[in-house]
Amino acid sequence: MRKYGMAVFGWMAASMAAVALSGCGQAENNGKIQIEIVQYKPEAVKAFEELERKFNETHDDIELKIDSPNDAMTILKTRFIREDYPDIIGIGGDINYSNFLDSDMLMDISDYEGLSEIQEAYLNTAKELEFVPEEGTYAVPYMANAAGVLYNKDIFDEHGWSIPKTWDEFKALCEDIQAEGIQPLYFGFKDTWTCLAPWNAISVDLAPSDVCAQVNRGETIFTEQYREVAVVIKELLTYAQADPFAYSYNDACTAFARGESAMYVIGSYAVPQIKTVNPDINIDSFVFPASNVAEENILNSGNDLQFSIMENCPNKEAAYEVLNFLLEDENVQIYLDDQNAVPCKKGDFTLPSMLEGMTEYIREGKMADYQDHHYPSEMSVDAMIQTYLMDDSENALDTFLTRFDTEWVRYNRDLIQKVQEYEAKGGN
């Protein structure tokens, strides 16, 4: 049994034992089975309203209700305390999913045929989020996003600049851009979370995708695995605007939209914000080339939205029918068009134009998850990275890496013990 999560969820006062729950997938007065989804992306509410309407117009025996609250994770956790579970949750592939799975809250959906339609890379991403290896499958990856380098295509075309494939080529490009009197990069590091964008994009090239699991098993330490990552991210400041810590995410999006920099190291999620300032900006993107071996550079892409059926859902087949509907090509495309996302499903979808430079990596599955999806929020890694980037002292690098290892043990002590006990028992 996976009981570590009971300790993690201090906010759960009651037992997580399976209980017959009122309101969960029960037949309504109209004779239909109601399936409730709570999903955590309020910015996608219009797409989900359209999908809900379309489903209910085409199904006589099931009624779909999709809730898209502003603070879905808080609402979900509160409902879990009350043992008032929805049938399906739509959340990101991050530490919250890991904790829910570890608390025996999610259904094994290994027999769901729709899994065969999902790209293997995204199924593997979900598996890597397990604290210890689990038998079965507990999530259907639906949508992903991608992080790397957004660039102003008009500026690049005007100057004839090529897309860099290695770290040295990237630095040479930045120097060429500076020589033309143009700002290469713009950052909004006043908002600490934005420090994770370049960190994640660099990490997938230079550190193992399962580095956190390796550390938990006692096989390595972050001081060894993150040293080159930390060196590269700090070098980026050479090509940033003066005092990037004085500017917010909104400031950086606005500056890039106005052509004040040629590139912006951020995820595809920033494009809608950028286009509110300049709807006509011509944006493309490329994979961050942190390694000098071009073949080692891969796309930073994670499960931005995945669906899990709650263990206590009494109408598994009806829930599967809802998932089948959501995975229909035309319904996947509705979400893609609304959110500029990356589909986890195999197929020939129309991708946002700003992802053209990443399309090859997406279709070939050459990608790895965001490292911060494995970090506990209490550790505040984003603030640690910001502090390191602001530290000009001679020992800044060693101070940062030592702190990373120390804080990891502090906030993951119980998890590390659980993992190492699992390993000591031969993986049982």
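## Strand S3 and its partners

Ile37 stands opposite Ile88 of strand S3 in this predicted model. The two residues belong to a parallel pairing: strand S1 (residues 33–39) and S3 are linked by 3 bridges. On S3, a second partner is strand S7 (residues 299–309). That pairing is antiparallel and holds 4 bridges. Within the S3–S7 pair, Ile89 faces Ser308 of S7.

Strand S3 itself spans residues 88–91. Ile88 and Gly90 lie on one side, Ile89 and Ile91 on the other. All four are buried, and both faces of the strand are covered.

## Strand S6 and its pairing with S4

Strand S6 covers residues 283–286. Ile283 and Ser285 point one way. Asp284 and Phe286 point the other way. Every one of these residues is buried.

S6 runs antiparallel to strand S4 (residues 140–152), with 4 bridges between them. Tyr151 has Asp284 of S6 as its bridge partner. Asp284 is thus placed twice: as a buried residue of S6, and as the residue bridged to Tyr151.

## Gln386 in helix H17

Gln386 sits in helix H17, which covers residues 381–390. Is Gln386 buried or exposed? Its relative accessibility is 14%. Buried means under 20%, so Gln386 counts as buried.

Which residues does Gln386 touch, leaving aside those up to four places away in sequence? The contacts are Phe189, Lys190, Thr192, Cys195 and Phe245.

## The chain as a whole

The chain has 18 helices and 9 strands. Its radius of gyration is 22 Å, close to the 22 Å given by the globule rule for 428 residues, so the chain is as compact as a globular protein of that length. Along the principal axes, the C-alpha atoms fill a box of roughly 70 × 50 × 35 Å.

Buried residues make up 57% of the 428 in the chain. Contacts reach across the sequence: of those between residues at least 6 apart, 79% join residues at least 24 apart.

## Surface and charge

The accessible surface of the chain is about 17,900 Å². Carbon and sulfur atoms account for 44% of that surface.

The chain carries 31 positive and 75 negative charges. The mean positions of the two sets are 4 Å apart.

Conventions:
Residues are numbered from 1 along each chain as its sequence is written. This is a predicted model: local features need pLDDT of at least 70, side-chain atom pairs count only at pLDDT 80 or more; totals for chains, interfaces and linings use all residues. Side-chain values use heavy atoms; hydrogens and water are left out. The radius of gyration is taken over C-alpha atoms; the globule rule is 2.2 Å times the number of residues to the power 0.38. Buried means under 20% relative accessible area, exposed over 50%, partly exposed in between (1.4 Å probe, protein chains only). Contact means heavy atoms within 4.5 Å. Accessible areas come from the Shrake-Rupley method with a 1.4 Å probe; for residues, only the protein chains shown count as cover. Lys and Arg count as positive and Asp and Glu as negative; His and the chain ends are not counted. The place of a charge is taken as NZ of Lys, CZ of Arg, CG of Asp or CD of Glu. Two strands pair if DSSP finds at least two bridges between them.
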